[in-house]
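I opened this entry to keep track of what I looked up, going from the whole chain to helix pairs and then to single residues.

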Amino acid sequence: MSTHFVADTATLTGRSMRHIFRSADTIITTAVTPIALMLLFVYVFGGALRQSTGQENYVNYLLPGILLIAIASGIAYTAFRLFTDLQSGIFERFHSMPIARSSVLWAHVLTSLVANAITLAIIFGVGFLMGFRTGAGAGAWFAVIGILLLFTLALTWLAIIAGLSAKTVDGASAFSYPLIFLPFISSAFVPTDTMPGPVRWFAENQPVTSIVNTIQALFAGEPVGSEIWVALAWCVGILIVAYAFAMLAYRRKVR
């Protein structure tokens, strides 16, 4: 990785982050829906759901899934920002300058990581106010943060594909809707063994369930078993495939 690439990426990331901080409503909007869902499920449905989860403190069970919903919502803005840059002609201007071409994409990726990290911090804060408690040590916290960042990185490269390939601004962000819906068919809200056969099979064999189970176990101080390796395999697999297709779409776009 050349110094040229690092300097160009840092400069372009700074540009994107200034846009984020000038319109902080993007981060607020991304956090509002997951927080509203957390309030709804804890204070309206929580009494009934405690019985199925066996958790007296339902927010402890719920929070990992809410974090994943927030990430799936947040990366839609990455696709939107990339699509907007393409339509404004700024890409052509960048490519006419002596900068590393891949730094243009990496700036959007790093901006996504920072913006989503801020959103997750806000949700964690609300979760603590609602009674979330954990005895997790530093190692478990580092593992949780690492998994969340890896998941964000993987979904961000999916967003890059959408931003490069979309024909309309609505199409750029619409790809995130199925990703936002995935946690609802997982172990994020109730255990999968409460679901009917076909739904249970899908829930147990999609990436969100293994990630949620791993984070729940880490926060509870329980053994994670093989779940963490399944979760990491899903994240790394999605990341590799998404990165490959994103770079292919980028090369076609800038030819």
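The notes below follow the order in which I looked things up.

**Whole chain**

I note at the start that this is a predicted model. I counted the secondary structure first: the protein chain has 12 helices and 0 strands. Read from the N terminus, the order of elements is α-α-α-α-α-α-α-α-α-α-α-α. I then checked burial, and 50% of the 255 residues count as buried. For contacts, I took pairs at least 6 apart in sequence; 80% of these join residues at least 24 apart.

**Helix 6 and helix 7**

I took helix 6 (residues 102-129) and helix 7 (residues 138-165) as the first pair. Their axes are 9 Å apart, and the packing angle is about 135°. Angles over 145 degrees would count as roughly antiparallel and 65 to 115 as roughly perpendicular, so I logged helix 6 and helix 7 as oblique to each other. The crossing of helix 6 past helix 7 is right-handed.

Next I listed the residues that meet. On the helix 6 side they include Trp 106, His 108, Asn 116, Phe 124 and Phe 128. On the helix 7 side, Trp 141, Thr 152, Thr 156 and Trp 157 are among them. By class, I found 13 nonpolar, 5 polar and no charged residues in the contact of helix 6 with helix 7.

I also checked the length of helix 6. Its 28 residues should span 40 Å at 1.5 Å a residue, and the end C-alpha atoms are 41 Å apart, which agrees. Just past helix 6, I noted that Gly 131 has a positive phi of about 110°.

**Helix 4 and helix 11**

The second pair was helix 4 (residues 58-88) and helix 11 (residues 207-220). The axes of helix 4 and helix 11 come within 9 Å and cross at roughly 135°. I therefore entered helix 4 and helix 11 as oblique to each other. Their crossing is right-handed.

From helix 4, I listed Tyr 61, Pro 64, Gly 65 and Leu 68, which meet Val 208, Ile 211, Val 212, Ile 215 and Gln 216 of helix 11. I sorted the residues of this contact into 7 nonpolar, 2 polar and no charged.

**Single residues**

Which residues does Phe 41 touch, leaving out those up to four places away in sequence? I found Gly 46, Leu 49, Tyr 58, Leu 62, Phe 184 and Phe 189. Phe 41 belongs to helix 2 (residues 25-43). I had set the limit for buried at under 20% relative accessible area, so Phe 41, at 13%, counts as buried. Along the chain Phe 41 and Phe 189 are 148 residues apart, yet their C-alpha atoms are separated by 8.4 Å.

Is Ser 176 buried or exposed? I read a relative accessible area of 1% for Ser 176, so this residue is buried. Ser 176 is in helix 9 (residues 176-181). Outside its neighbours within four places in sequence, Ser 176 is in contact with Ala 72, Ile 75 and Ala 76.

I ended with Ile 228, which is in helix 12 (residues 227-254). Ile 228 is buried, at 17% relative accessible area. Setting aside neighbours within four places in sequence, I found Ile 228 in contact with Ile 147 and Thr 214. From Ile 228 to Ala 143, the C-alpha to C-alpha separation is 9.6 Å, and the two are 85 residues apart in sequence.

Terms used
Residues numbered from 1 in each chain as written. Predicted model: local features only at pLDDT ≥ 70, side-chain atom pairs only at ≥ 80, totals over all residues. Heavy atoms only, no water. Axes fitted to C-alpha atoms, helices over the stretch in contact; angles between N-to-C directions. Helix = DSSP H or I, 4+ residues; strand = E, 2+ residues; numbered from the N terminus. Parallel < 35°, antiparallel > 145°, perpendicular 65-115°, else oblique. Left-handed = near helix turned anticlockwise from the far one by under 90°. Contact = heavy atoms within 4.5 Å. Nonpolar A, V, L, I, M, F, W, Y, C, P; charged D, E, K, R; others polar. Expected span 1.5 Å × (residues − 1). Buried < 20%, exposed > 50% of the residue type's maximum accessible area, 1.4 Å probe, protein only.
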